[in-house]
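Please read the following account with the model open beside it, so that each residue can be located as it is named. The text moves from the arrangement of the chains to the contact between them, and then to individual residues and charged pairs.

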Protein chains: 2
Amino acid sequence: MQTNAGSDNFDRSKGAVDTAPAHSEVNTMAGGSASTLRVRGARKSTPERRQEIVRAAAKTFGTKGYQKGSLIDIAAQVGMTHAGVLHHFGSKEALLIAVLEYRDEEGLETLSGQTMPLGLDLFLHLYRTAAENAKREGLVQTYAAITGESVTEGHPARSFVISRFTALRGLIEDALRLICGPDLPDDIRTHAATSVIGVMDGVQLQWLLDKEAVDLPEATRFALEAILVAAMAGTKRPRPLTET
Amino acid sequence: MQTNAGSDNFDRSKGAVDTAPAHSEVNTMAGGSASTLRVRGARKSTPERRQEIVRAAAKTFGTKGYQKGSLIDIAAQVGMTHAGVLHHFGSKEALLIAVLEYRDEEGLETLSGQTMPLGLDLFLHLYRTAAENAKREGLVQTYAAITGESVTEGHPARSFVISRFTALRGLIEDALRLICGPDLPDDIRTHAATSVIGVMDGVQLQWLLDKEAVDLPEATRFALEAILVAAMAGTKRPRPLTET
DNA sequence: GTACAGTTACTGACCAGACAGTAACACCGC
DNA sequence: GCGGTGTTACTGTCTGGTCAGTAACTGTAC
């Protein structure tokens, strides 16, 4: 993990603009020319500022999407102009990449500090992640919005999402190799890994859209168990959908 | 199906502008004032024109997303200006709704003509749909892009997607009631239905991003069978993820 | 600790491009 | 001539990005 000591979700500050040092700016933000009545006080460290921006961007990209989420919107959340944001990140696209890397550390399927669990423990970890995510809507929303958009032509997050999926599938396949042994046919292992990721994302999506109708952790657990059992049954499993 | 006799995916015409009547316009489109050298020939019927537009919009919203896909882009595909498109649909949002309704008819999970299958047949139908979808990338792409975007604030497709999910869950729950009987606890039935939809969407997403790595029909079949078996096992199924 | 120099953070003003939507007008077939 | 279809031309708005200038900070020398 990192500096991110505070709020586990992304900040719900924003009204208060910043949380940290005592004397910050006044900066009415709406008021047009806040030029001279600026700052007056300790400037926050650069890494701190950058992280603030990334967090705001994650929030904005999550709620509005990458295309519609504007730098102006993001900048306003951290009390600066969009030119200030560009000073730090150079371009909107670079900011998106920074968000993706940040999200990856502060982990969706990864876990902080500890090493990646193996075998059955990986599945247990996936379930626990789903349970945690139910309390971190912002994180899930950011991830879902960006992943969803990434299927469009030339989207800057596209390659990131693709390699993320590839890596996750590999991870799950490895776990299945440990659980089911090497005799499980490769294609079944791949189908199972694909299904695991698919179901996690798909259930999250439904949950985001209708939290009352979907129990994120329990639906996820059900699906994970189902897939796990099917994989363990290997080639000998029942085939109710085989056409006659 | 419908008029869409030609190319199975969505049109790759566009150069030819229209497929139907013999003598169409020349309309260089790039050339600034194509005003007077227009059309010259049987004008297409309004419903026909509208459908052309909707199909173009589906394509554009699929490849670029709703936010980034512009009316200008859509209009160009059917050989008119964006004002012409607005004449037919009034607003971009209304056009999106039209696309969603059209997609619903020309069916992703629904099937044209026949009545909705019940029980196990529904699952078989879902599998067949996945197999068909593997040949209809455009359709899947449109659906995925719009669904993905719909999680953002105030997105015009949001309520549509929500009610679609709700309806699908209900449908699958009904099928499970037939298959597993009324003794299956309600929550398990719901989890299973949620999982089915989730896995179908999630696998489609991975497939769109990496067609070589994902076998859409077979991964879907694997997951559907797994979920089905787990549901049939009801409360008595193995619980490998139960924490000790 | 003050003076100076250099660096970094950020603003305000501006730009070109794109966008959805509107209004007035032209064409077409009936 | 009339209604529907479509165009041209335009509007207002918003966007990401550039740039010069400035305030704030840092390091060094004395």
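What follows is a walk through a predicted model, beginning with the fold of one chain.

Chain A contains nine helices and zero strands, and when its elements are read from the N terminus they accordingly run α-α-α-α-α-α-α-α-α. Of the 244 residues in chain A, 52% are buried. Among the contacts in chain A that have a separation of 6 or more, 69% are made by residues 24 or more positions apart. The area that chain A exposes is about 11,100 Å², and carbon and sulfur atoms supply 54% of it.

The relation between the two chains comes next. A turn of 180 degrees, with a shift of 0.0 Å along the axis, lays chain A on chain B with an RMSD of 0.1 Å. The two copies are therefore related as by a two-fold rotation axis. The same surface serves both copies, in that 100% of the contact residues of chain A recur in chain B.

How many residues does the contact take from chain A and from chain B? Chain A gives 65 residues to the contact, and chain B gives 65 residues. Between them, chain A and chain B bury about 5,500 Å², of which 67% lies on carbon and sulfur atoms. Within the area that chain A buries against chain B, 16% is supplied by Leu209(A), Phe222(A) and Leu241(A), which is more than any other three residues supply.

The polar side of this contact can be described as well. Chain A and chain B share two salt bridges, and eight residue pairs are in polar contact between chain A and chain B, counting pairs with both residues at pLDDT 80 or more. Arg169(A) forms a salt bridge with Asp210(B), in which the closest N and O atoms are 3.6 Å apart. As for the elements involved, at least two residues of the side of chain A that touches chain B come from each of α1 (46-64), α5 (120-133), α6 (137-149), α7 (158-180), α8 (186-209) and α9 (216-233) of chain A. The largest share of that side, 15 residues, comes from α8(A).

One loop residue deserves a separate look. Where is Ser150(A) placed among the helices of chain A? Ser150(A) sits in the loop between α6 and α7 of chain A. Is Ser150(A) buried or exposed? With a relative accessible area of 0%, Ser150(A) falls under the 20% limit and therefore counts as buried. Leaving aside residues up to four places away in sequence, Ser150(A) touches His155(A), Ala157(A), Arg158(A) and Val161(A), and also Leu209(B) from the other chain. Ser150(A) and Phe160(A), which are ten residues apart in sequence, lie 8.9 Å apart in space from C-alpha to C-alpha.

The charged pairs complete the picture, and over all chains the structure holds 16 salt bridges. Lys64(A) forms one of them with Asp73(A), the closest N and O atoms being 3.1 Å apart. Both partners are partly exposed, Lys64(A) with a relative accessible area of 29% and Asp73(A) with a relative accessible area of 24%.

A second pair in chain A lies within a helix. Arg221(A) forms a salt bridge with Glu225(A), with 3.7 Å between the closest N and O atoms. Because Arg221(A) and Glu225(A) are four residues apart in helix α9 of chain A, about one helical turn separates them. Arg221(A) is buried, its relative accessible area being 10%, and Glu225(A) also counts as buried, at 1% relative accessibility. This pair belongs to a network of salt bridges that links Glu218(A), Arg221(A) and Glu225(A).

In chain B, the side chains of Arg189(B) and Asp186(B) meet in a salt bridge, at 2.6 Å from N to O. Why are these two residues separated by about one helical turn? Arg189(B) and Asp186(B) are so placed because they stand three residues apart in helix α8 (residues 186-209) of chain B. The two partners fall into opposite classes of accessibility, since Arg189(B) counts as buried at 3% relative accessibility, whereas Asp186(B) is exposed, with a relative accessible area of 56%.

Terms used:
Residues are numbered from 1 along each chain as its sequence is written. Chains are lettered from A and ligands numbered from 1 in the order in which they are written. This is a predicted model: local features need pLDDT of at least 70, side-chain atom pairs count only at pLDDT 80 or more; totals for chains, interfaces and linings use all residues. Side-chain values use heavy atoms; hydrogens and water are left out. Copies are superposed by least squares on the C-alpha atoms of residues with pLDDT of at least 70 in both. Contact means heavy atoms within 4.5 Å. Buried means under 20% relative accessible area, exposed over 50%, partly exposed in between (1.4 Å probe, protein chains only). Accessible areas come from the Shrake-Rupley method with a 1.4 Å probe; for residues, only the protein chains shown count as cover. Buried area is the accessible area (1.4 Å probe) that two parts lose on being put together, summed over both. A salt bridge is a side-chain nitrogen of Lys or Arg within 4 Å of a carboxyl oxygen of Asp or Glu. A polar contact is a pair of N or O atoms within 3.5 Å; within protein, one must be able to donate a hydrogen and the other to accept it, and residues adjacent in sequence count only if both atoms are side-chain atoms.
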